[in-house]
Amino acid sequence: MSVSTQLVEFVIPGHCVPRPRPRVRFAAGARSYYPKPYEAWRERAYFIAHISADDIWEGAVTVTARFYHKGKGDLDNLMGSILDAITGTIIKDDAQVLELIGLKIHDADERTEVRVELKEASND
């Protein structure tokens with residue numbers, strides 16, 4: 001049995017907005033939403049992830065993200081932002097993630113480097 005690896009790497013320029021908790025609006029029924037700064041960041045990140053991949057993968061993946069930033073942000077919320085960006089663009093569901101690696105690096109040149117690996121076993 002051999003293992004083949006598919007790989008997608010991309011960079012999201014600028015500050016990564018950590019995934020916030022959803023807000024709830026009670027006008028004409030309860031409706032949840034995310035704050036506008038996060039929605040704008042997620043839309044841009046989603047587009048970059050989308051043009052970086054050819055297909056949506058359905059197998060198990062490893063996700064590595066390096067956050068170069070000068071601000072605050074909990075690593076788990078930063079990683080949540082990346083999972084939101086790649087779900088529906090590179091992977092079908094974030095339940096496919098078997099390994100999640102995140103690093104915060106203090107740097108004035110803010111950006112996020114993302115690497116997604118799909119490992120497929122075959123009976124060669």
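These legends walk through an overview and several close-up views of one predicted model.

**Figure 1. The whole chain, as a starting point for the close-ups.**
Welcome to the predicted model. The protein chain holds 2 helices and 6 strands, and along the sequence they follow the pattern β-β-β-α-β-α-β-β. Of its 124 residues, 35% are buried. Contacts often bridge distant parts of the sequence: among those between residues at least 6 apart, 82% join residues at least 24 apart. The chain exposes about 7600 Å², and carbon and sulfur atoms supply 50% of that area.

**Figure 2. Helix α1 and its two faces.**
Helix α1 covers residues 36–52. Its 17 residues reach 24 Å from the first C-alpha to the last, close to the 24 Å expected at 1.5 Å a residue. Look for the buried residues Tyr38, Trp41, Ala45, Ile48 and Ala49. They sit on the same side of α1, because they cover an arc of only 100° around the axis. An α-helix has 3.6 residues a turn, so residues three or four places apart point the same way. On the face of α1 turned away from the buried side you will find the exposed residues Lys36, Glu43, Phe47 and Ile51.

**Figure 3. Trp41 and its surroundings.**
Here we zoom in on Trp41, a residue of helix α1. Is Trp41 buried or exposed? With a relative accessible area of 2%, Trp41 is buried, since the cut-off for that word is under 20%. Leaving aside residues up to four places away in sequence, Trp41 touches Ile12, His15, Cys16, Val17, Ser81 and Ile82. Ile12 is 29 residues away from Trp41 along the chain, yet their C-alpha atoms are separated by 9.4 Å. For His15, look at the backbone: the side chain of Trp41 reaches the backbone oxygen of His15 at 3.4 Å.

**Figure 4. The stacked rings of Tyr38 and Trp41.**
The model has 1 aromatic pair. The pair is formed by Tyr38 and Trp41, whose ring centres are 6.3 Å apart and whose planes meet at 25°, so the pair is stacked. Tyr38 and Trp41 are 3 residues apart in helix α1, which means that about one helical turn separates them. Tyr38 counts as buried, at 1% relative accessibility, and Trp41 is buried as well, at 2%.

**Figure 5. Helix α2, largely enclosed.**
The second helix, α2, spans residues 75–86. At 1.5 Å a residue its 12 residues should span 16 Å, and its end C-alpha atoms are 17 Å apart, which agrees. Why is α2 described as largely enclosed by the rest of the structure? The reason is that 9 of its 12 residues are buried. These are Leu78, Met79, Gly80, Ser81, Ile82, Leu83, Asp84, Ala85 and Ile86. Two of these names, Ser81 and Ile82, appear among the residues that Trp41 touches. After α2 comes Gly88, with a positive phi near 90°.

**Figure 6. Thr62 in strand β4.**
Our last stop is Thr62, found in strand β4, which covers residues 61–69. Thr62 counts as buried, with a relative accessibility of 10%. Which residues does Thr62 touch, not counting those up to four places away in sequence? They are Glu99, Ile101, Arg115, Val116 and Glu117. With Glu99 there is also a polar contact: the side chains of Thr62 and Glu99 are joined at 3.2 Å.

How values were computed: Residues are numbered from 1 along each chain as its sequence is written. This is a predicted model: local features need pLDDT of at least 70, side-chain atom pairs count only at pLDDT 80 or more; totals for chains, interfaces and linings use all residues. Side-chain values use heavy atoms; hydrogens and water are left out. Helices (H or I, at least four residues) and strands (E, at least two) are DSSP runs, numbered from the N terminus. Buried means under 20% relative accessible area, exposed over 50%, partly exposed in between (1.4 Å probe, protein chains only). Contact means heavy atoms within 4.5 Å. A polar contact is a pair of N or O atoms within 3.5 Å; within protein, one must be able to donate a hydrogen and the other to accept it, and residues adjacent in sequence count only if both atoms are side-chain atoms. The expected span of a helix is 1.5 Å times one less than its number of residues. The arc is that of the directions from the helix axis to the C-beta atoms. Accessible areas come from the Shrake-Rupley method with a 1.4 Å probe; for residues, only the protein chains shown count as cover. Rings of Phe, Tyr and Trp (its six-membered ring) pair if their centres lie within 6.5 Å; planes under 30 degrees apart count as stacked, over 60 as edge-to-face and the rest as tilted.
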